[in-house]
Structures are given as structure tokens and as C-alpha cells.
Amino acid sequence: MKVVRTRAELREALGAAPRPVGLVPTMGWLHQGHRELIRRARSDNATTVVTIFVNPRQFNEAADYTKYPRNEERDLAMCSDEGVDLVFAPGVEEIYPPGFDTAVSVGAVARPLEGAARPGHFDGVATVVAVLFNLVGAERAYFGQKDAQQVMVIRQMACDLAIGTDVLACPTVREPDGLALSSRNVHLSPAERSTAPVLHRALLAARRRWESGERSGDALRDAMWQVLTAEPLARPDYVSVADGSTLAELERVDGPALLSLAVRFGSTRLIDNEPLGAPASGTDRRERV
Ligand code: AMP
């Protein structure tokens with residue numbers, strides 16, 4: 001496994017790399033969710049590239065950026081263990097050199113939910129992913145369904161900017177108690193950790209209502225809300241029942257939809273989602289430019 005730090009080293013290493021190339025962008029502190037993306041990339045491609053970059057532009061709170069967990073040594077060991085060919089782990093100035101003065105801003109699909117709750121977040125995501133897509137020139141890139149809106153934002157960006165990288169979404173990896181794996185879980189206190197599966201329980205409560213025929217958006221939002229508010233440590237940020245392709249809030253669920261929610265435990269904010277009907281952000285759908 002090769003580890004490179006600069007754009008020039010990356011370009012050189014990629015020049016000799018067998019095609020197709022699969023890219024897995026990450027912010028490090030790798031866990032089983034990242035491993036599954038890497039495995040999928042390896043099985044689909046001749047070369048697997050992982051990027052490790054804690055992107056300051058996607059953090060709307062400075063404290064969240066500072067305390068984001070980092071352990072490059074462990075991350076590199078995990079990548080090597082998974083058979084990754086190339087890791088790009090740049091410093092901030094390598095991605096945003098002095099004079100960098102462009103932001104990529106995606107429209108409607110980036111506005112609700114995480115876009116509304118975290119101003120500037122998706123501009124930061126779309127900008128860094130556009131840079132990474134252009135630097136790596138991969139045939140395919142792999143993202144987690146756990147960040148369903150992010151997948152939709154990146155697909156829109158890649159399509160509109162005519163970037164020829166297929167954006168693939170992989171299923172959410174969970175702990176046995178249902179909590180979606182996340183680098184941020186490390187910040188939960190023991191009491192918060194034992195409460196955190198409430199996100200998944202709330203989603204499943206709404207899914208069960210939907211499976212038994214409930215189609216009212218309000219009733220499904222209420223089902224999630226009731227489960228969340230029964231837990232004193234959980235402070236819900238939003239619950240949503242949205243259209244699977246536009247993310248507009250639904251009065252009635254008549255087609256593919258996305259249940260999603262964001263919940264704070266102390267200073268830690270967790271998100272999760274559950275697609276209803278056909279996968280909202282295309283668990284296995286490929287979109288060509
Ligand atoms: P992050 O390092 O948190 O920016 O995540 C890098 C990629 O891993 C993103 O595409 C995430 O959606 C994905 N990811 C994070 N957690 C999970 C999970 N529990 N299951 C599947 N993918 C995940």
C-alpha cells in the first residue's frame with residue numbers, strides 16, 4: 001500500500017494504476033462502515049484509493065472540527081489490512097492552497113434537513129468531493145447510505161459538473177443494537193451510548209406504521225417523535241418524512257420516501273435514516289454522466 005500526501009504524488013501514483021479505479025473518500029477514524037465501502041470498491045475495481053481528510057469546510061461549528069477524532073496510524077493499518085492500494089492523506093493546504101477561492105454549492109436537494117440544520121455544510125462537502133473526484137479521476141466512488149442526503153448532493157454535483165465518476169451508495173453498517181456506526185459515537189458517554197439506539201428504534205417504529213398501511217407524513221413523523229421524546233437524554237433536532245428524490249417533506253407517502261432524523265446527546269449530534277419503498281438514494285443504482 002502506498003501513502004501519498006501531495007497532489008503531485010497522487011497523480012504520479014495513479015498514472016501507473018490498473019483501471020478501473022474505485023475511490024472511497026473518508027475523514028478517517030475508520031470503522032466497519034468504512035471497511036464495507038473499501039470491500040465493495042475492491043470487489044468492483046482493479047485499484048482502490050482511500051482518501052483521509054478531515055475537511056474543515058464542511059464543519060459549521062469550529063469546536064466540532066477541532067474535536068473530530070483522528071488516528072492516522074490506526075487508519076493506515078486498517079486500510080492496509082483491507083488491501084487498499086493507495087491512500088491519499090493530504091494536509092489542509094494541499095487541498096486548499098493559498099488563493100483557493102471557489103465553492104461548489106448544490107441547489108434544492110442540499111437545502112432541507114442537514115443543509116438547513118448545518119449552514120454551509122454541503123457547500124464544504126460538494127467542494128472537497130469535487131476536488132477529490134478531479135484529482136483521482138476514478139471510474140467509481142463509494143459512499144454510505146447512512147449519509148443519504150450527502151449521496152444525493154454528490155450525485156447532483158457530479159452530474160451537473162460532468163464529472164465521469166459513478167456515485168455508488170452502500171448500506172448502513174450498524175452495531176448489534178441498531179446504532180449506525182459513526183466516528184462521532186466515540187464522544188458519547190456510557191449513558192448516552194446506551195440511549196443512542198433510539199434513533200434506529202424511532203425509524204423502525206415509523207417503518208412499521210408504513211408497512212401496516214399508514215401513509216400520512218404527520219402520522220409517521222409523530223411515530224418517530226414519540227419514540228425519541230420518551231428518552232430524556234435524546235434531544236431531537238428534526239424528524240423528516242421526505243420525498244425519496246427531492247427530499248421535500250411529504251403530506252402523504254405515495255412513492256419512494258426517506259425517513260430521517262437528527263438527534264443531539266449532549267454536544268454530540270447523530271443522524272440516521274431509513275428508505276421506504278425503492279432505495280431513496282439508490283443503494284445500488286449507478287448514474288452515468
Ligand atoms: P466519514 O469518514 O464519516 O466522512 O464517512 C466516510 C464515508 O463512510 C461516507 O460516505 C459515509 O457515509 C460512510 N459511512 C459512515 N458511517 C457509515 C456506516 N455506519 N455505514 C456505511 N457507511 C458509512
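Which unit do S5, helix H8 and S6 make? In this predicted model, strand S5, helix H8 (residues 148–160) and strand S6 form a right-handed β-α-β unit.

Strand S5 spans residues 140–144 and is mostly covered, with five of its five residues buried. In a regular strand, side chains alternate between the two faces of the sheet. Along S5, Arg140, Tyr142 and Gly144 point one way, whereas Ala141 and Phe143 point the other way; all are buried. Strand S5 is paired with two other strands, S2 and S6. Strand S2 (residues 21–26) runs parallel to S5 and is joined to it by two bridges, with Leu23 opposite Ala141. Strand S6 (residues 166–170) also runs parallel to S5, and five bridges join the pair. In that pairing, Ala141 stands opposite Val167.

Nonpolar side chains in soluble globular proteins tend to be buried together. The largest nonpolar core of the model contains 48 residues, among which Ile95, Phe133 and Met157 touch the most other members. Helix H7 (residues 121–136) contributes the most to this core, giving eleven residues. A second core, separate from this one, comprises 27 residues, including Leu220, Val227, Val263 and Leu276.

The surroundings of Phe133 bring several of these elements together. When neighbours within four places in sequence are left aside, Phe133 is in contact with Leu23, Ala141 and Val167, residues that stand opposite one another across S2, S5 and S6. Phe143 of S5 is also in contact with Phe133, as are Ala138, Ile154, Met157, Ala158, Ile163 and Thr165.

Technical notes
Residues numbered from 1 in each chain as written. Predicted model: local features only at pLDDT ≥ 70, side-chain atom pairs only at ≥ 80, totals over all residues. Heavy atoms only, no water. Core = buried A, V, L, I, M, F, W, Y, C linked by side-chain atoms within 4.5 Å. Buried < 20%, exposed > 50% of the residue type's maximum accessible area, 1.4 Å probe, protein only. Helix = DSSP H or I, 4+ residues; strand = E, 2+ residues; numbered from the N terminus. Contact = heavy atoms within 4.5 Å. Pairing = 2+ DSSP bridges. Right-handed = clockwise from strand over helix to strand, strands pointing away.
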